Amino acid sequence: MELPAPLRQGVERLLDKVPLPVLKQAAKTLSDRYRAELRDGRLHMAEEMAVKAYLATRLPATYAAVRASLDALTDARPDYAPKTLLDVGAGPGTVLWATADLWQDFEQAVLLEASAAVRKVGEALAADATTARIEWLAGDITIDLADLKPADLVTAAYVLDEIAPASLPKLIGRLWQLTADTLLIVEPGTPAGWQRILAVRRQLIEAGAHVLAPCPHDAPCPLAAPDWCHFSRRVARSRLHRLAKDADVPWEDEKFIYVAASRQPTDPPRGRVIAPPKSGSGKVLLKLCQEDGGAAEKLFSKRDGETFKAARRLDWGDVLPE
């Protein structure tokens, strides 16, 4: 998956003439903070160079994860077409770009972001994103949500890992209050990210939400540590991306986990593939999270006819066809 062309071109303009050694050091610092999930009171992207490092090394991956999560949401509700977006912890507008790419006729977006450096870059990039009305707000998502208005789609992508665990229930409660229709939370595909999504999922179900994706049910998650639920998207690396990360291969795999919950019930799929398929001669083994709330591996072979042909085409994260 690649960035939309206008976004890619905007990023290239912002990164033009940035000294590579400076960018590499900023990228390393940013990566270390993300990996350690530091919560030291400092924003990960408080400074301009940190924002540019994010654009070069993290934006393509987070965009791919967000877009894949939105695709799963629309698969669950093909008729869903939000007109308004509220994105908290918006970064440089990653969700805005993914939303605009999917729904060209949405009307308004409100983006809340604490970092002035990120907002400045996001505003510059967003000029080419959409014709919708865009409002950027300065604010801390843990304390500055009181005056916001509900939106059809409310999102928080790669945000919860920066929030103190004790603050999460109140934050999720407020985000659900602001959700007129659907709430999407995306997190890194780590065991810790999965645990945060599980907590969010439980809270939303208790509040009356209907899980759209990835789970095909509202029952407790059937997986247990050391196993965990996550998905993956392959992301093309630009030349600058490779140089900034001292990487040799022209791609990377972004692991992520998400939950999409709605005020509207839907018919759940029969199951979702929750691990890379294992294929052999005339057979494919799929690990499935199933409609009945369980998880199991299921073998499909040529003797299953059309069902096997359909199963062989499925990838990690796909739902079983009806």
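# A guided tour of the predicted model

The largest cavity holds about 140 Å³ of space. The model shown is a predicted one, and this enclosed space is a suitable place to begin the tour. In general terms, rolling a probe the size of a water molecule over the atoms shows where empty space is left. With a threshold of 30 Å³ or more, the count comes to one cavity.

**First stop: the cavity lining.** Please select Trp194, Pro214, Cys215, Cys221 and Cys229. Among the 18 residues that line the largest cavity, these five lie nearest its centre. Two elements each give two or more residues to this lining, namely helix H8 (191-206) and strand S8 (251-262). Of the contributions to the lining, that of H8 is the most, at four residues. Colouring the lining by class would show 15 nonpolar residues, one polar residue and two charged residues.

**Second stop: from strand S8 to Arg58.** Strand S8 leads on to the salt bridges, of which the count comes to 14. Side chains of opposite charge can pair when their charged atoms come close. Select Glu254 and Arg58 together: they form a salt bridge in which the closest N and O atoms are 3.1 Å apart. Glu254 belongs to strand S8, while Arg58 sits in the loop between helix H3 (48-57) and H4, so the pair ties together parts that are 196 residues apart in sequence. Are these two partners buried or exposed? Glu254 has a relative accessible area of 8% and is therefore buried. Arg58 is buried as well, at 18%, since the cut-off for a buried residue is under 20%.

**Third stop: helix H3.** Now select residues 48-57, which make up helix H3. Eight of its 10 residues are buried, so H3 is largely enclosed by the rest of the structure. The buried residues are Ala50, Val51, Lys52, Ala53, Tyr54, Leu55, Ala56 and Thr57.

**Fourth stop: helix H4 and its partners.** Move next to Thr74, a residue of helix H4 (residues 59-76). With a relative accessible area of 14%, Thr74 is buried. Which residues does Thr74 contact, leaving aside its neighbours within four places in sequence? The contacts are with Leu102 and Trp103.

Then select Arg67 and Asp101, which form a salt bridge whose closest N and O atoms are 2.4 Å apart. Arg67 lies in helix H4 and Asp101 in helix H5 (residues 94-102), so this pair ties together parts that are 34 residues apart in sequence. Arg67 is buried, with a relative accessible area of 15%, whereas Asp101 counts as partly exposed at 34% relative accessibility.

**Last stop: two loops joined.** Finally, select Lys83 and Asp105, whose side chains meet in a salt bridge (3.4 Å, N to O). Lys83 is found in the loop between H4 and strand S1 (84-88), and Asp105 in the loop between H5 and strand S2 (108-113), so the pair ties together parts that are 22 residues apart in sequence. Lys83 counts as partly exposed at 30% relative accessibility, and Asp105 counts as partly exposed at 48%. To close the tour, add Asp71 to a selection of Arg67 and Asp101: salt bridges that share partners join Arg67, Asp71 and Asp101 into one network.

How values were computed. Residues are numbered from 1 along each chain as its sequence is written. This is a predicted model: local features need pLDDT of at least 70, side-chain atom pairs count only at pLDDT 80 or more; totals for chains, interfaces and linings use all residues. Side-chain values use heavy atoms; hydrogens and water are left out. On a 1 Å grid over the protein atoms alone, a cavity is a set of points where a 1.4 Å probe fits but cannot get out, and a pocket is an open set with protein on both sides within 12 Å along at least five of seven lines; lining residues have an atom within 4 Å of a point. Grid points are joined across faces, edges and corners, and a volume is the space filled by probe spheres set on the points. Ala, Val, Leu, Ile, Met, Phe, Trp, Tyr, Cys and Pro count as nonpolar, Asp, Glu, Lys and Arg as charged, and the others, Gly among them, as polar. Buried means under 20% relative accessible area, exposed over 50%, partly exposed in between (1.4 Å probe, protein chains only). Contact means heavy atoms within 4.5 Å. A salt bridge is a side-chain nitrogen of Lys or Arg within 4 Å of a carboxyl oxygen of Asp or Glu.
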